[in-house]
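Biologist: I have a model open and would like to know how its labels are earned. Could you take me through a few?

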Amino acid sequence: MRNITLSVDEEVLARVRQVAAERNSTVNALVREYLTNLAAQEDRARLARQRLRELSQKSTGRLGPKKWRREDLHDR
């Protein structure tokens, strides 16, 4: 594991220490968990976008010509 240095406002750090204590955790563990979850979320989003592109390319469905007018979409 790598060590990193963060700069955090003193008030924020004090509050985070309270949260960590309430959760029987440490600030380090909370930051590690947050960063791990952030990376996992980004991975899921990237995979979802990739899957969507694959499905779009394989799709045989096509849009036909536009049969509506902009005015038809709004009540008068």
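Modeller: Happily! Asp-43 has a relative accessibility of 39%, so Asp-43 counts as partly exposed; that label lies between buried (under 20% relative accessible area) and exposed (over 50%), with a 1.4 Å probe and protein chains only. This is a predicted model, where local features need pLDDT of at least 70 and side-chain atom pairs pLDDT 80 or more, while totals for chains, interfaces and linings use all residues. Residues are numbered from 1 along each chain as its sequence is written, and side-chain values use heavy atoms, leaving out hydrogens and water.

Biologist: What makes Arg-46 and Asp-43 a salt bridge?

Modeller: A salt bridge needs a side-chain nitrogen of Lys or Arg within 4 Å of a carboxyl oxygen of Asp or Glu. The closest N and O atoms of Arg-46 and Asp-43 are 3.9 Å apart, so the pair qualifies. Arg-46 is partly exposed too, at 40%.

Biologist: Why is the contact of Arg-69 and Asp-72 called a salt bridge?

Modeller: Their N to O distance is 3.0 Å, which meets that cut-off, so the name applies. Arg-69, at 49% relative accessibility, counts as partly exposed, and so does Asp-72 at 46%.

Biologist: How do you know that the charged end of Lys-66 sits over the ring of Trp-68?

Modeller: The rule asks for NZ of Lys or CZ of Arg within 6 Å of the ring centre and within 35 degrees of the ring normal. For Lys-66, the distance to the centre of the Trp-68 ring is 5.1 Å, and the charged end is listed as sitting over that ring.
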